[in-house]
Amino acid sequence: MQHKKDIPVRTLPKEFGNGIAIAKVSPDTFWEDEETTQAHRHDYHFFVLQKSGITVMEIDFKQYRTDKPTILYQSPNQVHRALKVENIEMFMLIISNENIPADYLNILQSISPLEPLEIGLEDLDIIEKSYKLCIEFYGRTTDKLYSSSLRDSCNALIALLISMYLKYSKTAESLSRFERINRAFFLSLEQNFQNLKRPAEYAAKLNISVSYLNECVKNVSGFSVSYHIQQRVILEAKRLLYHSDKSVKEIAFELGYEDYPYFSRLFTKICGMSAKTFRSKNRD
């Protein structure tokens, strides 16, 4: 695999000036984009319906094989690549942050990261129809309200996809106090892990005591706040070690550790090997 100085971030091409692109994808058109096989992030949201065929994707060091009707949401920060694609019939929507309503973004943040979700034939039918309708709006570039109709139709599709995921997760109203605080902590962690490393800093953001934050998070997840902070940082370190050519010292600094020896010891403690060994082992 070719590695670069940093993990590539794919941006929306300039021709998609409205921040939205939607299309039906065949095996031939999928492989036209050679970069799909190279690990990368997006700076946009990525919604997929796989109607048929087989795909194998790697997302943050975990492989997913899909051979049934499935939906998938990938958030902008996830590192992923395609490993295998056979006989696919697939629909893709890519859309920028500013085109998604704030309440939808909040829900996506609260339930991410999401794994591929297998769907039934009834759900497949309405999702496929929604994609096809959005594709029709996408082609009506001469309409006077083109941007508005495209954005609104795509957000109706996004709402439908979110609803599918929410079938399998608890709604905010059904969460216990511990679960609500746990969810709020993980949202804050995702936004602040590079800068905030102490449980007290997250407790302050949530206006609760450190002991109560720990009680809530450990009750729901089984692990302490410190554990999750360290795990999130190390996940990002693994991404950079595997997918970029940055030095361990550069990675430590990027993740908020000016004390490079401390970061090295932390990585070794959590992973059972040094950062350099992890890079060497996973690039063989």
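# Notebook: a predicted model, helix α5 and a pocket

Entry 1. I began with the whole protein: 45% of its 284 residues count as buried. The model is a predicted one. I looked up the secondary structure and found eleven helices and eight strands. I then looked at contacts between residues at least 6 apart in sequence, and 76% of these join residues at least 24 apart. The accessible surface of the protein comes to about 14900 Å². Carbon and sulfur atoms account for 51% of that surface.

Entry 2. I turned to helix α5, which runs over residues 177–192. I noted that α5 has 16 residues. From its first C-alpha to its last, α5 reaches 22 Å, close to the 22 Å expected at 1.5 Å a residue.

Which residues of α5 are buried? I listed Phe178, Ile181, Asn182, Phe185, Ser188, Leu189 and Asn192. These residues lie on the same side of α5, because they cover an arc of only 130 degrees around the axis. I wrote the general rule beside this: an α-helix has 3.6 residues a turn, so residues three or four places apart point the same way.

What covers the buried residues of α5? I found that the cover includes α6 (199–206), α7 (210–221) and α8 (225–243).

Entry 3. I picked Asn182 out of α5 for a separate look. Is Asn182 buried or exposed? Its relative accessibility is 10%, so Asn182 counts as buried, since the cut-off for buried is under 20%. I then looked up its contacts, leaving aside neighbours within four places in sequence. Asn182 is in contact with Val217, Val220 and Ser221. Helix α7 spans 210–221 and is among the elements that cover the buried residues of α5.

Entry 4. I searched for empty space next. Rolling a probe the size of a water molecule over the atoms shows where such space is left. The largest pocket has a volume of about 1500 Å³. I counted 45 residues in the lining of this pocket. Nearest its centre lie Gln109, Ile111, Ser112, Pro113 and Glu190. The elements that give two or more residues to the lining are β4 (45–59), β5 (62–66), α2 (102–111), α5 and α8.

Which element gives the most to the lining of the largest pocket? It is α5, with eight residues. I noted that α8 is on the lining list too, and that α8 is also part of what covers the buried residues of α5.

Entry 5. I checked backbone angles. Most residues other than glycine have a negative phi. Asn87 is not a glycine, yet it has a positive phi of about 50 degrees. I placed Asn87 in strand β7, residues 80–95. With a relative accessibility of 65%, Asn87 counts as exposed.

Asn207 is also not a glycine and has a positive phi, of about 60 degrees. I found Asn207 in the loop between α6 and α7. Its relative accessibility is 70%, so Asn207 counts as exposed.

Entry 6. I ended with Ser247. Where does Ser247 lie? I found Ser247 in the loop between α8 and α9 (248–254). With a relative accessible area of 31%, Ser247 is partly exposed. I also looked up its distance to Ala275, and the two are 28 residues apart in sequence. In space, Ser247 and Ala275 are 9.7 Å apart, C-alpha to C-alpha.

Conventions:
Residues numbered from 1 in each chain as written. Predicted model: local features only at pLDDT ≥ 70, side-chain atom pairs only at ≥ 80, totals over all residues. Heavy atoms only, no water. Helix = DSSP H or I, 4+ residues; strand = E, 2+ residues; numbered from the N terminus. Buried < 20%, exposed > 50% of the residue type's maximum accessible area, 1.4 Å probe, protein only. Contact = heavy atoms within 4.5 Å. Areas by Shrake-Rupley, 256 points an atom, 1.4 Å probe, with all protein chains shown as cover. Expected span 1.5 Å × (residues − 1). Arc of directions from axis to C-beta. 1 Å grid on protein atoms, 1.4 Å probe; cavity = no way out; pocket = protein on both sides within 12 Å on 5 of 7 lines; lining within 4 Å. Points joined across faces, edges and corners; volume = space filled by probe spheres on them.
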